[in-house]
Amino acid sequence: MPTAPADLPRTAGALRAAGHQPRGVAEEIRTNLLAALSEQRPVWRGIVGFDETVLPQLERALLAGHHVVLLGERGQGKTRLARTLAELLDEWTPVIEGAELAEHPLDPITPASRRRAAELGDDLPVAWLHRSLRYAEKLATPDTSVGDLVGDVDPVKVAEGRSLGDPETIHFGLIPRAHRGIVAINELPDLAERIQVALLNVMEERDVQVRGYTLRLPLDVLLVATANPEDYTNRGRIITPLKDRFGAEIRTHYLSDLDDEINLVRQEADLVAEVGDPLLEVLARFVGHLRESSAVDQRSGVSARFAVSAAETVAAAALQRAARTGEWPAVARPVDLDAVTPVLRGKLEFHAGLEEEAEELLTHLLRRSLAETARTALAGIDLRSLVEAVAEGHPVRTGPRVRAAEVLAALPELPVLHEVAARFGVQATDPPGRIAAVVELALESLYLSRNLAKDLESGDAVYGA
């Protein structure tokens, strides 16, 4: 946790003398966003593919000071986007030290803090809160209660002698505790409608209503919610009065640009072995085809996490082979793509009656993606000499236990192999795994275009005439 600079004011008097003025969360975000845009500083770190679509809409909503609903299918980065909003808050903000809520020392809102401010005056102690602690997140689940979000009567405080109507008997929930910050509620339609009603006054009238009495609190909270369009029909809905209180509903989307998909996988995947750009492109194309497939239920969507998991699985297969063969460093090859479909088919929803054909469909689309990647990268290279070499007595065996050096040793010295490697940015001095990866890619593309045969032998694939 970052430590606040020592030169910051530590009392309300020192804070006032420094000319500090309280300002609302919306104004704070607006000021910081405008400064970043004016200085052309990056604002949305880690957000890929939304530059021309989602982000301009979100920026306008924030500049307007609106509460926001991010609406989109699973795996479109809604939660990631919500979490980046904290970066638009001031790095440090003053709060009353020891207060239950994050109240500004010059603008206390609870009875207890107002009493302390009146008693201590300029000596009211000040602490500094980092922006990372001003973002709160709640997954809406059916068992979420009003007490979780808004608050409830604290029986311990009542037992201490306070009357039941005393507002100081309230144990505040998540939203009041996020005062002067951001609250994100994920999957808002999953929240029971009677619980959604409890948010109405918090968002508009700024009341906290608990157990029959009302505590007037001028809460300052930016509320961001996420929802899946499917939720509106299958599991729940956002009640109309609550939707009316959100100033902006912004649709997210899956990435449409191939390079964006590759960059996202490279950014998010925790790869335990080297996975080259050619294989990442195959996986990116694969995900794109799945999102266009009529067999896949597109209401459920194909999450970006599918491509990330696929890349991690391919890397794991390469690491497994390296451990078995002792060939290091571990580098993924096209043969490792075979590990993807058996373990990831469960991450997809297929239309009724098509589940039995799922693995066949995934295999077909994966091969199609590889063929497209190779065709695009190797356009203009004449691969006939490679076909002839394999046909004239140089079959190539590959598999989960076959070393890269064995793949390369099976072929004679061919100038075309250097062309293939150069096209993928691989050099002759690179580890054998990188060279074998692009050679296998060329061989598999020749098989898919029916220029070579491929036989399966004891779990290995043998390319021949």
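Start by selecting helices α12 and α13 in this predicted model. Their axes come within 9 Å and cross at roughly 115°, and α12 and α13 are therefore roughly perpendicular to each other. As you turn the view, you can follow α12 passing α13 in a right-handed crossing. To see where the two helices touch, show the side chains of Leu 258, Glu 261, Ile 262, Val 265 and Arg 266 in α12, then add Asp 277, Leu 280, Glu 281, Ala 284, Arg 285, Val 287 and Arg 291 in α13. Colour that contact of α12 with α13 by class and you will find six nonpolar, no polar and six charged residues.

**Next stop: α13 and α14**

Keep α13 (residues 277-292) on screen and add α14, which covers 304-325. α13 and α14 pack at an angle of about 145°, and their axes are 10 Å apart. This crossing, too, is right-handed: that is how α13 passes α14. On the α13 side, select Leu 279, Leu 280, Leu 283, Phe 286, Val 287, Leu 290 and Arg 291; they meet Ala 304, Phe 306, Ala 307, Ala 310, Ala 311 and Val 314 in α14. What classes of residue make up the contact of α13 with α14? There are 12 nonpolar residues, no polar ones and one charged one.

**Then α13 and α16**

Now hide α14 for a moment and bring up α16, residues 358-377. The axes of α13 and α16 come within 8 Å and cross at roughly 130°, so α13 and α16 are oblique to each other. α13 passes α16 in a right-handed crossing. From α13, the contact takes in Pro 278, Glu 281, Val 282, Arg 285, Phe 286, His 289 and Leu 290. From α16, pick out Leu 362, Leu 365, Leu 366, Arg 368, Ser 369, Leu 370, Glu 372, Thr 373 and Thr 376. The contact of α13 with α16 divides into eight nonpolar, four polar and four charged residues.

**Into the largest pocket**

Time for some open space. Select Gly 75, Gln 76, Gly 77, Lys 78 and Arg 305: of the 31 residues that line the largest pocket, these lie nearest its centre. The space here comes to about 680 Å³. Look for α4 (78-84), α12 and α14 around this pocket, since each supplies at least two residues of its lining. By class, the lining of the largest pocket has eight nonpolar, 11 polar and 12 charged residues.

**The second largest pocket**

Move on to Pro 334, Val 335, Leu 337, Asp 338 and Lys 454, which lie nearest the centre of the second largest pocket among its 25 lining residues. This pocket holds about 550 Å³ of space. Which helix gives the most to its lining? That is α16, with four residues. Others that supply at least two residues each include α14, α20 (432-448) and the strands β13 (453-457) and β14 (460-464). The lining of the second largest pocket is made of 12 nonpolar, six polar and seven charged residues.

**Two enclosed spaces**

The structure also holds two cavities of 30 Å³ or more. For the largest cavity, with a volume of about 60 Å³, select Ala 318, Arg 321, Ala 322, Glu 327, Pro 329, Ala 330, Val 331, Arg 333, Ala 404 and Gly 433. α14 gives the most to this lining, with three residues. Six residues lining the largest cavity are nonpolar, one is polar and three are charged.

For the second largest cavity, of about 40 Å³, select Ala 26, Ile 29, Ala 61, Leu 62, Gly 65, His 66 and Leu 222. Here α2 (25-38) and α3 (54-64) each supply at least two residues of the lining. The lining of the second largest cavity has five nonpolar, two polar and no charged residues.

**Two backbone details to finish**

Most residues other than glycine have a negative phi, and most peptide bonds are trans. Go back to Pro 329 from the largest cavity lining, and zoom in on the peptide bond from Trp 328: this bond is cis, with omega near 0°. Pro 329 sits in the loop between α14 and α15 (340-344).

For the last stop, select Gln 40 in the loop between α2 and α3. Gln 40 is not a glycine, yet it has a positive phi of about 55°.

How values were computed
Residues are numbered from 1 along each chain as its sequence is written. This is a predicted model: local features need pLDDT of at least 70, side-chain atom pairs count only at pLDDT 80 or more; totals for chains, interfaces and linings use all residues. Side-chain values use heavy atoms; hydrogens and water are left out. On a 1 Å grid over the protein atoms alone, a cavity is a set of points where a 1.4 Å probe fits but cannot get out, and a pocket is an open set with protein on both sides within 12 Å along at least five of seven lines; lining residues have an atom within 4 Å of a point. Grid points are joined across faces, edges and corners, and a volume is the space filled by probe spheres set on the points. Ala, Val, Leu, Ile, Met, Phe, Trp, Tyr, Cys and Pro count as nonpolar, Asp, Glu, Lys and Arg as charged, and the others, Gly among them, as polar. Axes are lines fitted to C-alpha atoms, for helices over the stretch in contact, and angles run from 0 to 180 degrees between N-to-C directions. Angles under 35 degrees count as roughly parallel, over 145 as roughly antiparallel, 65 to 115 as roughly perpendicular and the rest as oblique. A crossing is left-handed if the near helix is turned anticlockwise from the far one by less than a right angle, and right-handed if clockwise. Contact means heavy atoms within 4.5 Å.
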